[in-house]
Amino acid sequence: MSHHVYKQIELTGSSTTSIQEAIENAVARAAQSVRNMRWLEVVDTRGHIEDGKVAHWQVTIKVGFTLE
């Protein structure tokens, strides 16, 4: 078994549709420049309310990736 060293970054994704999409947006954007992503942890979830309805989601995640 190989040994890994991980680094963490914190990201906040947003979506007008869902919490899941906010997370996926953050991971997809990070994937454009971060290699070897392995896991994520949801740290915070927030929403913006307009006219009595949820209008916008923001989800903060920690993403771990292996160092090369």
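Visitor: In β3, which residue is the bridge partner of serine 15?
Guide: This is a predicted model. β1 and β3 pair in the antiparallel sense, over 10 bridges. One of the residues to follow here is serine 15, and its bridge partner in β3 is tryptophan 57.

Visitor: In what order do the 3 strands of the open sheet stand?
Guide: The pairing in this sheet is antiparallel. β1 (6-15) and β2 (37-50) are at the edges with a single partner strand each, so one side of each has no neighbour in the sheet. Neighbouring strands are turned against each other by 15° on average, direction ignored. The order is β1-β3-β2.

Visitor: How many bridges join β2 to β3?
Guide: The two strands run antiparallel. Isoleucine 49 has valine 54 as its bridge partner in β3. Threonine 45 has valine 59 as its partner there. The number of bridges joining β2 to β3 is 12.

Visitor: What phi does aspartate 51 take in the hairpin of β2 and β3?
Guide: Aspartate 51 sits in the loop between β2 and β3. That hairpin has 2 residues between the strands. Aspartate 51 is not a glycine, yet its phi is positive. The value is near 50°.

Visitor: Is aspartate 51 buried or exposed?
Guide: The cut-off for exposed is over 50% relative accessible area. Aspartate 51 has 79%, so the residue counts as exposed.

Visitor: Which residue in the loop between α1 and β2 has a phi near 65°?
Guide: The phi is positive, and the residue is other than glycine. Its relative accessible area is 25%, so it ranks as partly exposed. Its place is the loop between α1 and β2. The residue is asparagine 36.

Visitor: At what angle to β1 does helix α1 run?
Guide: Helix α1 covers residues 19-30. The helix lies across β1, β2 and β3. Its angle to β1 is about 130°.

Visitor: How many residues make up the largest nonpolar core?
Guide: α1 and β3 each supply at least two residues of this core. Among its members are Leu11, Ala22, Ile23, Val59 and Phe65. The count is 10 residues.

Visitor: Which residues of the stretch from Leu40 to Val43 does isoleucine 61 touch?
Guide: Isoleucine 61 is one of the residues of the largest nonpolar core. Leaving out residues up to four places away in sequence, its contacts include Ile9, Leu11, Ile23 and Ala26. From the stretch asked about, isoleucine 61 touches Leu40, Glu41, Val42 and Val43.

Visitor: Which residue's side chain makes a polar contact of 2.9 Å with threonine 12?
Guide: Threonine 12 is placed in strand β1. At 47% relative accessibility, threonine 12 is partly exposed. Beyond its neighbours within four places in sequence, its contacts include Ala26, Arg46 and Gln58. The side chain in the polar contact belongs to threonine 60.

Visitor: What separates the C-alpha atoms of threonine 12 and alanine 30?
Guide: The two residues are 18 residues apart along the chain. Alanine 30 is one of the residues of the largest nonpolar core. The separation of the C-alpha atoms is 10 Å.

Visitor: Which residue forms a salt bridge with arginine 35?
Guide: The structure holds 2 salt bridges. In this one, the closest N and O atoms are 2.9 Å apart. The pair links distant parts of the chain, 33 residues apart: the loop between α1 and β2, and the segment after β3. The partner of arginine 35 is glutamate 68.

Visitor: What relative accessible area does glutamate 68 have?
Guide: Its partner arginine 35 is exposed, at 55%. Glutamate 68 is exposed too. Its relative accessible area is 72%.

Visitor: How far apart are the closest N and O atoms of arginine 46 and aspartate 44?
Guide: These two residues form a salt bridge. Arginine 46 is partly exposed at 30%. Aspartate 44 is partly exposed at 33%. The closest N and O atoms are 2.3 Å apart.

Visitor: Is threonine 66 buried or exposed?
Guide: Threonine 66 belongs to strand β3 (residues 53-66). Its contacts include His4, Tyr6, Arg35 and Asn36, not counting residues up to four places away in sequence. The limit for buried is under 20% relative accessible area. Threonine 66 has 7%, so the residue is buried.

Methods: Residues numbered from 1 in each chain as written. Predicted model: local features only at pLDDT ≥ 70, side-chain atom pairs only at ≥ 80, totals over all residues. Heavy atoms only, no water. Helix = DSSP H or I, 4+ residues; strand = E, 2+ residues; numbered from the N terminus. Buried < 20%, exposed > 50% of the residue type's maximum accessible area, 1.4 Å probe, protein only. Contact = heavy atoms within 4.5 Å. Pairing = 2+ DSSP bridges. Axes fitted to C-alpha atoms, helices over the stretch in contact; angles between N-to-C directions. Salt bridge = Lys/Arg side-chain N within 4 Å of Asp/Glu carboxyl O. Core = buried A, V, L, I, M, F, W, Y, C linked by side-chain atoms within 4.5 Å. Polar contact = N/O pair within 3.5 Å; in protein donor to acceptor, adjacent residues only side chain to side chain.
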